[in-house]
Amino acid sequence: MKCSVIIPYAFSTERAVRLFHSLENQDFCKSDYELIFVNYGRQDSFEEYIAKNSANIRVRCFAFYGRSVGEAKNYGIRKASGELVIFLNGDEIATRSFISGHYNTYKEIGRPVMQFGLTKLVFEDNSKTSGDAAEIFRNGIRYWLTEPEKYGLDKNKSYYFIKDIRIKMLETYRYDFDKVHYKMIFAQTSNLSVPMECIRRFGGLDEEFCGQEIEDWEFGYRMMKNGVELMYNPEVAVLRLYEKENFDSKRYSEWQTNLDNMLRKYNDKFLNELTEFKSFFDPVRRERLRKAEPCKNIWLEIYKHIELSAGKNLYAEAN
């Protein structure tokens with residue numbers, strides 16, 4: 001088996017079905033890849049749907065109720081048999097060349113590398129969006145999505161998308177990812193491929209972390225410290241239909257705890273600049289910053305500042 005696509009999902013059977021259909025219609029040989037869906041939410045009808053509709057492709061569904069997303073991904077890894085592991089979230093939509101884009105690039109490079117792609121956040125035109133979308137809109141201009149039916153969306157509706165904030169993060173370096181200092185921030189396991197041999201040698205997701213932010217940073221950083229290069233592949237973008245995310249004080253607290261745990265785990269001076277993200281993870285400080293400078297994207301501003309600091313530190317050390 002060449003590729004195993006691991007898809008943890010929870011609470012959205014409809015979106016998992018839509019993702020399945022985008023993955024069954026890939027321009028990649030159907031016998032060369034498998035789909036592994038891990039339900040870490042609650043019981044649903046997705047497995048029954050797959051049993052009736054997956055005749056031409058290898059799909060396996062596993063129930064892992066009440067677990068974390070990191071545990072679900074590790075469970076999928078244990079069930080995978082592919083040479084290359086590709087992580088996707090259950091609420092995303094893959095383009096037709098998604099799997100071939102990951103696998104063919106991996107083979108062309110000829111050495112173990114991680115690859116990440118970006119996510120286009122899709123909005124239905126004329127739909128009402130909540131206030132939390134204002135910060136997202138500041139990431140860039142809107143682009144119309146042509147032929148939405150290709151992505152399992154209603155062909156009679158109009159949609160637009162906004163590019164991933166990480167493309168804005170690359171502007172500083174004229175989109176040259178090699179110049180980025182804090183590469184682990186780009187290693188989000190929502191569109192990331194990793195050779196199975198690397199996971200077997202250096203481990204999967206650290207289950208001591210909660211959620212899907214800092215645990216991804218830790219996973220990417222651990223791989224890179226062990227010599228596995230992280231690369232940007234612009235050919236493997238995915239789509240995600242916008243849905244308001246409710247981050248309560250508990251979620252922000254978990255982020256801060258995860259960041260503290262990562263800093264303690266590595267005790268690496270280079271990582272200390274990441275503490276600036278506490279301005280984002282602390283809801284009180286975040287709201288204060290929003291009111292003081294409402295036109296700024298807090299996440300993007302923090303990232304740019306730590307990259308600038310890293311560059312200055314390297315220059316100082318060189319002299």
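**Figure 1. Helix α8, a segment largely enclosed by the rest of the structure.** In this predicted model, 10 of the 12 residues of α8 are buried, so the helix is largely enclosed by what surrounds it. Those buried positions are Ile214, Glu215, Asp216, Trp217, Glu218, Phe219, Gly220, Tyr221, Arg222 and Met223. From its first C-alpha to its last, α8 reaches 16 Å, close to the 16 Å expected at 1.5 Å a residue. Just after the helix comes Gly227, with a positive phi of about 90°.

**Figure 2. Helix α9 and the elements that cover it.** Here we turn to α9, which runs over residues 249-266 and has 18 residues. Its first and last C-alpha atoms span 26 Å, close to the 26 Å expected at 1.5 Å a residue. Which residues of α9 are buried? They are Arg251, Tyr252, Glu254, Trp255, Asn258, Leu259, Met262, Leu263 and Tyr266. An α-helix has 3.6 residues a turn, so residues three or four places apart point the same way. That is a handy rule to keep in mind while reading along the list of buried positions in α9. The cover over these residues includes α8 (214-225), α10 (278-281) and α11 (283-292). After the helix comes Asn267, where phi is positive, near 45°.

**Figure 3. A salt bridge between Asp206 and Lys265, and the network around it.** The side chains of Asp206 and Lys265 meet in a salt bridge at 2.8 Å, N to O. Asp206 sits in the loop between α7 (196-202) and α8, while Lys265 belongs to helix α9, so the pair ties together parts that are 59 residues apart in sequence. The two partners fall into separate classes of burial: Asp206 counts as buried at 14% relative accessibility, whereas Lys265 counts as partly exposed at 41%. Salt bridges that share partners join Asp206, Glu218, Arg222 and Lys265 into one network. Readers may recognise Glu218 and Arg222 from Figure 1, as both are among the buried residues of α8.

**Figure 4. Two further salt bridges, Glu83 with Lys107 and Glu124 with Lys157.** Side chains of opposite charge can pair when their charged atoms come close. The structure holds 14 salt bridges, and this view picks out two of them. In one, the side chains of Glu83 and Lys107 meet at 3.2 Å, N to O. This pair links distant parts of the chain, with Glu83 in the loop between α3 (69-79) and β4 (84-88) and Lys107 in helix α4 (residues 98-109), 24 residues apart. Glu83 is partly exposed at 28% relative accessibility, and Lys107 is partly exposed with a relative accessible area of 45%. In the other, the side chains of Glu124 and Lys157 meet at 3.5 Å, N to O. Glu124 lies in strand β7 (residues 119-124) and Lys157 in the loop between β8 (142-144) and β9 (159-162), so this bridge ties together parts that are 33 residues apart in sequence. Glu124 is partly exposed, with a relative accessible area of 29%, and Lys157 counts as partly exposed at 38%.

**Figure 5. Strand β9 and its pairing with β7 and β8.** β7 and β9 pair in the antiparallel sense over 4 bridges, with Phe161 of β9 as the bridge partner of Val122. β8 and β9 also run antiparallel, joined by 3 bridges, and here Tyr160 of β9 is the bridge partner of Trp144. How do the side chains of β9 divide, and are they buried or exposed? Tyr159 and Phe161 point one way, Tyr160 and Ile162 point the other way, and all are buried.

**Figure 6. Asn233, a buried loop residue with polar partners.** Asn233 lies in the loop between β11 (229-232) and β12 (238-241). With a relative accessible area of 5%, Asn233 falls under the 20% cut-off and so counts as buried. What does its side chain meet? It makes a polar contact with the side chain of Gln115 at 2.8 Å. A polar atom of the Asn233 side chain also lies 2.9 Å from the backbone nitrogen of Glu235. Leaving aside neighbours within four places in sequence, Asn233 is in contact with Gly101, His102, Thr105, Gln115, Phe116 and Gly117.

Technical notes. Residues are numbered from 1 along each chain as its sequence is written. This is a predicted model: local features need pLDDT of at least 70, side-chain atom pairs count only at pLDDT 80 or more; totals for chains, interfaces and linings use all residues. Side-chain values use heavy atoms; hydrogens and water are left out. Helices (H or I, at least four residues) and strands (E, at least two) are DSSP runs, numbered from the N terminus. Buried means under 20% relative accessible area, exposed over 50%, partly exposed in between (1.4 Å probe, protein chains only). A polar contact is a pair of N or O atoms within 3.5 Å; within protein, one must be able to donate a hydrogen and the other to accept it, and residues adjacent in sequence count only if both atoms are side-chain atoms. Contact means heavy atoms within 4.5 Å. The expected span of a helix is 1.5 Å times one less than its number of residues. A salt bridge is a side-chain nitrogen of Lys or Arg within 4 Å of a carboxyl oxygen of Asp or Glu. Two strands pair if DSSP finds at least two bridges between them.
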